[in-house]
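Let's take a friendly walk through a protein model together. Keep the picture open beside the text, and turn it as you read.

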Amino acid sequence: EIDSREYVLSLAEDILGNSAESFAGREIDIEDRDYPALKAAVSDIFGTEPSELDAVDIDGMTSEQAADVLWPIVLEKYERKEATIPVDILRRVERDIMLQIVDAQWKDHLYSLDHLKEGIGLRGYGQKDPLVEYKKESYALFKAMRDRVEEEIVRYLWRLTPVAAEDGIAAPVRQPPPRRPPQITLSGPATAPSPFGAIGGGAHSSDTPRPPRTGGDDVIRQVKRDEPKVGRNDPCPCGSGKKYKKCHGA
């Protein structure tokens, strides 16, 4: 089983070194090195109190020296968390957080690759091979995603704050009230109204005989033909001399 503690501490040490290199690297002139910004970045990533960092004097140091001075403060905060949370619970929480961060960042990385594929063909107008450019830019996106994963893991784990219940007793969880089943009233077959009793009859029920219809506009009447039926090959009754199918039967 992988020791998540050693992995997390190595990530934190690397991120601290990269932050020190960004603000106080060897390629930066001494007068241009921003030590207050370095302390602010450390406080933002690791959640350390600004008062703890203000008590440390790192002015004029190189990036390696500044990281060595700041590392005990960062490590002490993690060890205080280990003393508060049981080790097995802390390790399980660390693994769960790392999996969630990797999953979220990987999805964002796939979306970025989809957007890159949509416009990579335009590199051909600049006399560049789209396939080569896609490999370069996709690798740069992967490195950026990996850096975000590592920084988010350290940020979440160092800012994780355990919450203990008062007097060691967990607060009771409110349960929803039990649902009462709806009351169903059953009627006998003699008194049950028919669902078809009110159709077309108003207040008449299914047991009451309906009076027969005596006429009206809604009565269907059968149409009777007085003249004989004309065949399709018979002469048309209009007197044109043509067959019915070629004249009025067309």
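**A tour from the core to the loops**

Of the 250 residues in the protein chain, 25% count as buried. Keep in mind that what you see is a predicted model. What is the chain built from? It has six helices and zero strands, so if you follow the sequence from start to end you meet the pattern α-α-α-α-α-α. Among the contacts in the chain with a separation of 6 or more, 56% are between residues 24 or more positions apart.Now look inside. In soluble globular proteins, nonpolar side chains tend to be buried together. Here, the largest nonpolar core has 33 residues. Those with the most contacts inside this core are Val42, Phe46, Ile58, Leu70, Val154 and Trp158. Which helices supply at least two residues each? They are α1, α2 (35–46), α4 (63–84), α5 (87–119) and α6. Helix α1 gives the most to this core, with eight residues. Both domain 1 (1–84) and domain 2 (86–162) give residues to the core, so the core lies between them.

Valine 42 is a good place to pause, as one of the residues with the most contacts inside the core. What does valine 42 touch, if we leave out residues up to four places away in sequence? Its partners are Leu16, Gly47, Thr48, Leu53, Leu70 and Val74. Notice Leu70 in that list: Leu70 is also among the core residues with the most contacts.

Next, search for an opening. The largest pocket holds about 190 Å³ of space. Its lining is made by Asp14, Ile15, Asn18, Ser19, Ser22, Ile45, Asp147, Glu150 and Glu151. Sorted by class, these lining residues are two nonpolar, three polar and four charged. Helices α1 (4–24) and α6 (130–159) each supply at least two residues of the lining, and α1 gives the most, with five residues. Where does the pocket lie with respect to the two domains? Domain 1 (1–84) and domain 2 (86–162) both give residues to the lining, so the largest pocket lies between them.

Let's zoom in on one lining residue, serine 19. You will find serine 19 in helix α1. Is serine 19 buried or exposed? With a relative accessible area of 10%, serine 19 is buried, because buried means under 20%. Leaving out residues up to four places away in sequence, serine 19 touches Leu38 and Ile45. Ile45 is one of the residues that line the largest pocket, too.

Now move along to helix α5, where leucine 113 lies. Leucine 113 is buried, with a relative accessible area of 14%. Setting aside neighbours within four places in sequence, leucine 113 is in contact with Tyr134, Ser138 and Leu141. Try finding phenylalanine 142 as well: this residue and leucine 113 are 29 residues apart along the chain, and their C-alpha atoms are separated by 9.4 Å.

Our last stop is the loop between α5 and α6, where you can find glutamine 127. Glutamine 127 is exposed, with a relative accessible area of 75%. What is notable about the phi of glutamine 127? Its phi is near 60 degrees, a positive value in a residue other than glycine. Most residues other than glycine have a negative phi.

Lysine 128 sits in the loop between α5 and α6 as well. With a relative accessible area of 46%, lysine 128 is partly exposed, because its value falls between the 20% limit for buried and the 50% limit for exposed. Apart from neighbours within four places in sequence, lysine 128 is in contact with Arg123 and Glu133.

Key
Residues are numbered from 1 along each chain as its sequence is written. This is a predicted model: local features need pLDDT of at least 70, side-chain atom pairs count only at pLDDT 80 or more; totals for chains, interfaces and linings use all residues. Side-chain values use heavy atoms; hydrogens and water are left out. On a 1 Å grid over the protein atoms alone, a cavity is a set of points where a 1.4 Å probe fits but cannot get out, and a pocket is an open set with protein on both sides within 12 Å along at least five of seven lines; lining residues have an atom within 4 Å of a point. Grid points are joined across faces, edges and corners, and a volume is the space filled by probe spheres set on the points. Helices (H or I, at least four residues) and strands (E, at least two) are DSSP runs, numbered from the N terminus. Ala, Val, Leu, Ile, Met, Phe, Trp, Tyr, Cys and Pro count as nonpolar, Asp, Glu, Lys and Arg as charged, and the others, Gly among them, as polar. Domain bounds come from an automatic or database domain assignment. A nonpolar core is a set of buried Ala, Val, Leu, Ile, Met, Phe, Trp, Tyr and Cys residues joined through side-chain atoms within 4.5 Å. Buried means under 20% relative accessible area, exposed over 50%, partly exposed in between (1.4 Å probe, protein chains only). Contact means heavy atoms within 4.5 Å.
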